[in-house]
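Student: I'd like to go through this one term by term, with the cut-offs on the table. Can you show me what we're working with?

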Amino acid sequence: MGGAEAQSERVYLDWNATAPLWPAARDAAVAALAAGGNPSSVHAEGRSARATVEKARRALAEIFGVPADGVTFTSGGTEANMTALSPGVRRPGTEPAERLIVSAVEHAAVRAGGRFSPADITIVGVSADGLIDCDALAHALGEDERPALVSVMAANNETGAVQPLRDVLALCEEHRATLHTDAVQAFGRIAHGDLCAHLISISAHKIGGPLGAGALIRRAGVVVPPLITGGGQERGVRGGTENVAAIAGFAAALGAPAADPSAWQHTRSARDNFEADLFNVVPDARIFSQDAPRLPNTSLISVGSIPAEISLIGLDMEGIAVSSGAACSSGSVASSHVLAAMGVMDDVAGAALRVSVGPEGADVAFERFLRAISKVIVPMKERSISRTGPTYGL
Ligand code: PLP
């Protein structure tokens, strides 16, 4: 393929938003849709749908080393989080949780606190690198006698920072608290064994599965009051007919490179090379959480104070799909609570761009991105510096 043609191909650098659908996952989902059947029905069609769901459940149970009934399928990571964050949650040998402790950098789905009332939620701060302050967590655990549920994400969706879950778990054990982790971004990208919590949320579409499927993983004996009651599906933990096609696709995606923590080594070095090269193009660039343990595929950068929504449009026109650092919903860019918690000034945070790649082709993708920065962002930055007032040249 010629250079000009290759240049016109789009480059998808937004895997943390959603990973491209893995072909085997699409095939499995289509086959399950075509087969039909309600997994609660006793006839052959129903039993076949049930077999699809149970096979997927066993596959996840094996990965996490939990009994099969410790896997509850949900509509995604958000619902898994909402289900986990409930008063009454407990692990064996502890009292039902009456309060919730979360880190300041959690995804909105956790920061909202699930079914806890705002008065029962404590937010624990993070370092400038975005890692939870374990002393503050110990203090929060010790200052109130009431049993606690702690929710700390395995890896952050904006910065990629990987939290010290083992230390967090040790504190929870010491204080007889239950630990939930939102592993939506970490699952498949760090060793499964590092997702050490009593409750774990995962989502299919971050590993190449279909949108609309996720799971809450419960270690043996962990009790969670159902969020959705109804027909008693999912062993009474989640009512509603299972999304068989999406669950079939989820199971097939477990075989994708994106779900294999050992498949990302090269991505990590491609990301690190990109970050080193970035300083040649933009000497005053900033890379957030650079000194923290990070996911291999994520880089959150700031290359000046051009508002991210303007940079995103310029990059999109160059064929590059990236995200702003800030949470993006309904097409609007809100300020990032993650960067605010890390002490980053609003104007810098508002310019942050999140680049997230897949396990294959990262070198080429980062190279295209770097070229687009030179072509699109650097001139905007120069124009904005040469003008007076907050005009950004677009
Ligand atoms: N938690 C984290 C860390 C995420 O990044 C996301 C999605 O971006 C979610 C939860 C929500 O997952 P889902 O889209 O499956 O509801």
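Student: Why is Thr298 called buried?

Tutor: Its relative accessible area is 0%, and buried means under 20%, exposed over 50% and partly exposed in between, with a 1.4 Å probe and protein chains only. So Thr298 counts as buried. Thr298 is in strand E10 (residues 298-302), where helices (H or I, at least four residues) and strands (E, at least two) are DSSP runs numbered from the N terminus. Before we go on: this is a predicted model, where local features need pLDDT of at least 70 and side-chain atom pairs count only at pLDDT 80 or more, while totals for chains, interfaces and linings use all residues. Residues are numbered from 1 along each chain as its sequence is written, and side-chain values use heavy atoms, leaving out hydrogens and water.

Student: What makes Arg176 partly exposed, and Glu234 buried?

Tutor: Arg176 has a relative accessible area of 48%, which falls between the two cut-offs. Glu234 comes in at 4%, so buried is the word for Glu234. Arg176 is in the loop between helix H7 (165-174) and strand E6 (178-182), and Glu234 in the loop between strand E8 (214-218) and helix H8 (244-253). Phi is near 55 degrees for Arg176 and near 55 degrees for Glu234.

Student: How do you know that Ser151 and His180 make a polar contact?

Tutor: Their side chains are 2.8 Å apart. A polar contact is a pair of N or O atoms within 3.5 Å; within protein, one must be able to donate a hydrogen and the other to accept it, and residues adjacent in sequence count only if both atoms are side-chain atoms. Ser151 belongs to strand E5 (residues 148-151) and is buried, at 0% relative accessible area.

Student: Why are Phe274 and Phe369 called a tilted pair?

Tutor: Rings of Phe, Tyr and Trp (its six-membered ring) pair if their centres lie within 6.5 Å; planes under 30 degrees apart count as stacked, over 60 as edge-to-face and the rest as tilted. Here you have 5.6 Å centre to centre and 45 degrees between the planes, so the label is tilted. Phe274 sits in helix H9 (residues 265-281) and Phe369 in helix H13 (residues 362-386), 95 residues apart. Both are buried, and together with Phe366 they form one aromatic cluster.

Student: What puts Cys134, Leu137, Ala140 and Leu141 on the same side of H6?

Tutor: These four residues of helix H6 (residues 134-142) are buried. They cover an arc of only 115 degrees around the axis, taken from the directions from the helix axis to the C-beta atoms, which puts them on the same side. An α-helix has 3.6 residues a turn, so residues three or four places apart point the same way. Asp135 and His139 are exposed on the other side of H6.

Student: Which residues come nearest to the ligand?

Tutor: Of the 13 around the ligand, Gly77, Thr78, Asp182, Ser203 and Lys206 do, where near means having a heavy atom within 4 Å. A polar side-chain atom of Asp182 lies 2.6 Å from a ligand nitrogen. A ligand oxygen is 2.7 Å from an N or O atom in the side chain of Ser203.
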